[in-house]
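Open the model in your viewer with the ligand and side chains available for selection, and follow the stops below in order. Each stop says what to select and then what is to be found there.

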Amino acid sequence: MTHHLKLGLLSKVIHGVSKPDPLFGGVSVPIYQSSTFAFRSAEHGAALFAGEEKGYIYTRLGNPTVHALEECLASLENGVACLTTATGMAAITTTFLALLDQNSHLISTASVYGATRVVVEKEFSRFGIRSTFIDTSDLKLIRQHMRPETRILFIETPANPTMAITDIQACANLAHEHGCWLIVDNTFASPVLQNPLDLGADIVIHSLTKFINGHSDVVGGAIIFRDENLFGRVRRTLINLGGTMDPHQAWLILRGIKTLALRIEKSQENAMKLAKFLQNHPLVSWVRYPGLENHPQYELARRQMRGPGSMLCFGLKGGYEAGRRLINSVRLFTLAVSLGGIETLIQHPASMTHAAVPREEREEAGITDDLIRLSVGCEDYEDLQADLNQALEKTAL
Ligand code: LCS
């Protein structure tokens, strides 16, 4: 079976799914579009419910197509098991609800996706869950904020949208020293560029909506585990809360995954060139990209990632006003939130993805008003540079 071989990344994304399908030999995983599964007998149904026999019962509890995706993702992240969810936010909130109790404390990267911060500060706080959002690239700061009731250290690296990088291995050691779990949102890197479980993390989260699906046509999330016990605990919460994935959604993501490594290769090459182009442009005041030597955690990125990825952010000398003109002037780049699709996207986090985060918290996290975020796609590089160049010329008017 292919999943027992030690494969390179280009092969792993293609052969990460067990196949062929046992009924007809279909090379593509079949879509089991069924909400429920017939039992052979009363005894069979009872045995499935008791966990004495393996099989499918009801799609919220498990589905063969969804399971194929989960096996594939567990293999890509070198985990023991994976759960998939309706969205990336469902993966985050389900994991937190499974592992936190009233009065538990969570420490998180300050520059995380806006909704991750807002749900913890505005919703979970109503149930007595406390949180501290800090710059997790500063290990001393994490240590200072650890409390006896801290249960989760949650890091996003590279961070959305500042591209700040946190040391996963050091955080795993620190978390375990304090008796808490390290959870890493690996959405920006994807499993092609970074495997947090190998560096000691307990759980990896993905918004599958992004690079993993890669075609801006599905939302989804995943939770991947290093440990069976933790998997069992989160699984119970997920099937009761109900934010599970449906088979058609899973099948589309399985299709997208097959080109994940190829897409990352091409978009990363484009991002590196665009970052250099922006850095040398007279109207640009700063660029933050882990592939540039002036990135504050350049050495760390080289150590823990297999490449700098396809996300970057920058600011213009003319500040927000010039940025507004720029994003209104692009023609090939699409002005849209989300990221990790095959097409290049541009957006303004302070007024879009992170608008719900209070201004003071945003600025403290480095999400300044002049920050423009790019998710670089797989177009011809020359076309991307030409479009950005013509839009930059318009900002100078
Ligand atoms: N984690 C990260 C790092 C994200 O960027 C997002 C969404 C999520 C989790 C949530 O995933 P979802 O529920 O949307 O599948 N990030 C978005 C962004 O930057 N623009 O639009 C969505």
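For the count at the first stop, Ala, Val, Leu, Ile, Met, Phe, Trp, Tyr, Cys and Pro are taken as nonpolar, Asp, Glu, Lys and Arg as charged, and the others, Gly among them, as polar. Keep in mind throughout that this is a predicted model.

**The ligand and its shell**

Select the ligand together with the 18 residues that surround it, of which the closest are Met89, Asp185, Ser207, Thr209 and Arg373. Coloured by class, the residues of this shell divide into five nonpolar, nine polar and four charged. If you then colour by secondary structure, helix 4, which spans residues 88-99, stands out as the element that gives the most to the shell, with three residues.

Where does the ligand lie with respect to domain 1 and domain 2? Colour residues 15-257 as domain 1 and residues 260-395 as domain 2, and you will see that the ligand lies between them, because both domains give residues to the shell.

**Polar contacts of the ligand**

Next, display distances from the oxygen atoms of the ligand. At methionine 89 it is the backbone that takes part, with an N or O atom 2.8 Å from a ligand oxygen. For asparagine 160 the side chain is the part to show, since one of its N or O atoms is 3.0 Å from an oxygen atom of the ligand. At arginine 373, likewise a side-chain N or O atom is involved, and the distance to a ligand oxygen is 2.7 Å. Taken alone the ligand exposes 480 Å², and the protein buries 93% of that.

**Two cis peptide bonds**

Stay with asparagine 160 and move to the bond that follows: the peptide bond from asparagine 160 to proline 161 is cis, with omega near 0°. A second cis bond runs from threonine 157 to proline 158, where omega is near -5°. To see the setting, select the loop between strand 4 (150-156) and helix 7 (168-177), in which proline 158 is found; proline 161 lies in the loop between strand 4 and helix 7 as well.

**Asparagines with positive phi**

Now select asparagine 78, in the loop between helix 3 (64-76) and strand 1 (81-85). Asparagine 78 has a positive phi of about 55° although it is not a glycine, and its relative accessibility of 36% makes it partly exposed. Then go to asparagine 103, in the loop between helix 4 and strand 2 (105-109). Here phi is again positive, at about 75°, in a residue that is not a glycine, and asparagine 103 counts as partly exposed at 42% relative accessibility.

**Cysteines**

How many disulfides does a search of the whole structure find? The search finds zero, and two cysteines serve to illustrate this. Select cysteine 82, whose sulfur is 9.0 Å from the closest cysteine sulfur, that of cysteine 72, and therefore too far for a bond, given that a disulfide requires sulfur atoms within 2.5 Å. Cysteine 82 counts as buried, at 5% relative accessibility. For cysteine 171 the closest cysteine sulfur is in cysteine 180, at 9.8 Å, which is also too far for a bond; cysteine 171 is buried, with a relative accessible area of 0%.

**Valine 29**

Finally, select valine 29, in the loop between helix 1 (9-15) and helix 2 (42-50). Is valine 29 buried or exposed? Its relative accessible area is 16%, so valine 29 is buried.

Note on methods: Residues are numbered from 1 along each chain as its sequence is written. This is a predicted model: local features need pLDDT of at least 70, side-chain atom pairs count only at pLDDT 80 or more; totals for chains, interfaces and linings use all residues. Side-chain values use heavy atoms; hydrogens and water are left out. A residue is near a molecule or strand if one of its heavy atoms lies within 4 Å of it. A polar contact is a pair of N or O atoms within 3.5 Å; within protein, one must be able to donate a hydrogen and the other to accept it, and residues adjacent in sequence count only if both atoms are side-chain atoms. Accessible areas come from the Shrake-Rupley method with a 1.4 Å probe; for residues, only the protein chains shown count as cover. Helices (H or I, at least four residues) and strands (E, at least two) are DSSP runs, numbered from the N terminus. Domain bounds come from an automatic or database domain assignment. Buried means under 20% relative accessible area, exposed over 50%, partly exposed in between (1.4 Å probe, protein chains only).
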